Amino acid sequence: VKNYEISSDTGVACVEFHTNPSSGKELSEDAIAALSVVAMSGSVAEILGYGKATGGENDLLELQNCFRLSKEFIGAAKQQDLTRWGALTSYNLIKSNMSKYEGLVQAFKDKKSLAECVSIIEGTV
């Protein structure tokens, strides 16, 4: 995650990934899997909190960019599988770390810095 900002329209945090297709850097299979979880976590969190996800399109576009940066070709079926796996893993991580998730939501509302948000997730706050 490179940055985040709160949408003035929805009040939802919009996350900017740190991947850049023009960098020429290829991503490993493990990196793609991890980014699948990160990409899907916003939509999963919105569904858990609000019953629907409104900002997931950009996350899916970012994930698509990550797939394009893969060292190995990832076909459509594997992309769907990784996206579903990312959503399921995100759900399980959020549910098993609910207090950290709630702290992160509050940090977004308080417009805390990215470093402060990471500290909440890491449990150092």
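Helices and strands here are DSSP runs, numbered from the N terminus; a helix needs at least four residues and a strand at least two. On that basis, the protein chain reads β-β-α-α-α-α-α along its sequence. The model is predicted.

**Overall fold**

The protein chain holds 5 helices and 2 strands. Both strands precede the helices in the pattern β-β-α-α-α-α-α. The chain has 125 residues, and 29% of them are buried. Its exposed area is about 8100 Å². Carbon and sulfur atoms account for 53% of that area. Contacts were also sorted by sequence separation. Of those between residues at least 6 apart in sequence, 55% link residues at least 24 apart.

**Helix α3**

Helix α3 spans residues 76-96. Searching the whole structure gives 1 salt bridge. D81 and R84 form a salt bridge, with 4.0 Å between the closest N and O atoms. Why are D81 and R84 separated by about one helical turn? They sit 3 residues apart in helix α3, so about one turn lies between them. D81 is partly exposed, because its relative accessibility of 46% falls between the 20% and 50% cut-offs. R84 has a relative accessible area of 52%, so R84 counts as exposed.

K78 also belongs to helix α3. Its relative accessibility is 42%, which means that K78 counts as partly exposed. K78 and F67 are 11 residues apart in sequence. Their C-alpha atoms are 9.9 Å apart in space. F67 falls within the range of helix α2, residues 56-68.

**Accessibility of selected residues**

| Residue | Relative accessibility | Class |
|---|---|---|
| E72 | 60% | exposed |
| R84 | 52% | exposed |
| D81 | 46% | partly exposed |
| K78 | 42% | partly exposed |

**A negative surface patch**

Which residues gather in a patch of negative charge on the surface? They are E26, E29, D30 and E72. E72 is located in the loop between α2 and α3. Is E72 buried or exposed? E72 is exposed, at 60% relative accessible area. Patch members must have over 30% relative accessible area and no salt bridge. E72 clears that accessibility cut-off, because its value is 60%. D81 is left out of such patches because D81 forms a salt bridge with R84.

**In brief**

The β-β-α-α-α-α-α chain carries a negative surface patch that includes E72. Helix α3 holds the D81 and R84 pair, and K78 lies in helix α3 too.

Key. Residues numbered from 1 in each chain as written. Predicted model: local features only at pLDDT ≥ 70, side-chain atom pairs only at ≥ 80, totals over all residues. Heavy atoms only, no water. Patch = residues over 30% accessible without salt bridge, like charges linked within 9 Å, V, L, I, M, F, W, Y side chains within 5 Å. Areas by Shrake-Rupley, 256 points an atom, 1.4 Å probe, with all protein chains shown as cover. Salt bridge = Lys/Arg side-chain N within 4 Å of Asp/Glu carboxyl O. Lys, Arg positive; Asp, Glu negative; His and termini not counted. Charge placed at Lys NZ, Arg CZ, Asp CG, Glu CD. Buried < 20%, exposed > 50% of the residue type's maximum accessible area, 1.4 Å probe, protein only. Contact = heavy atoms within 4.5 Å.
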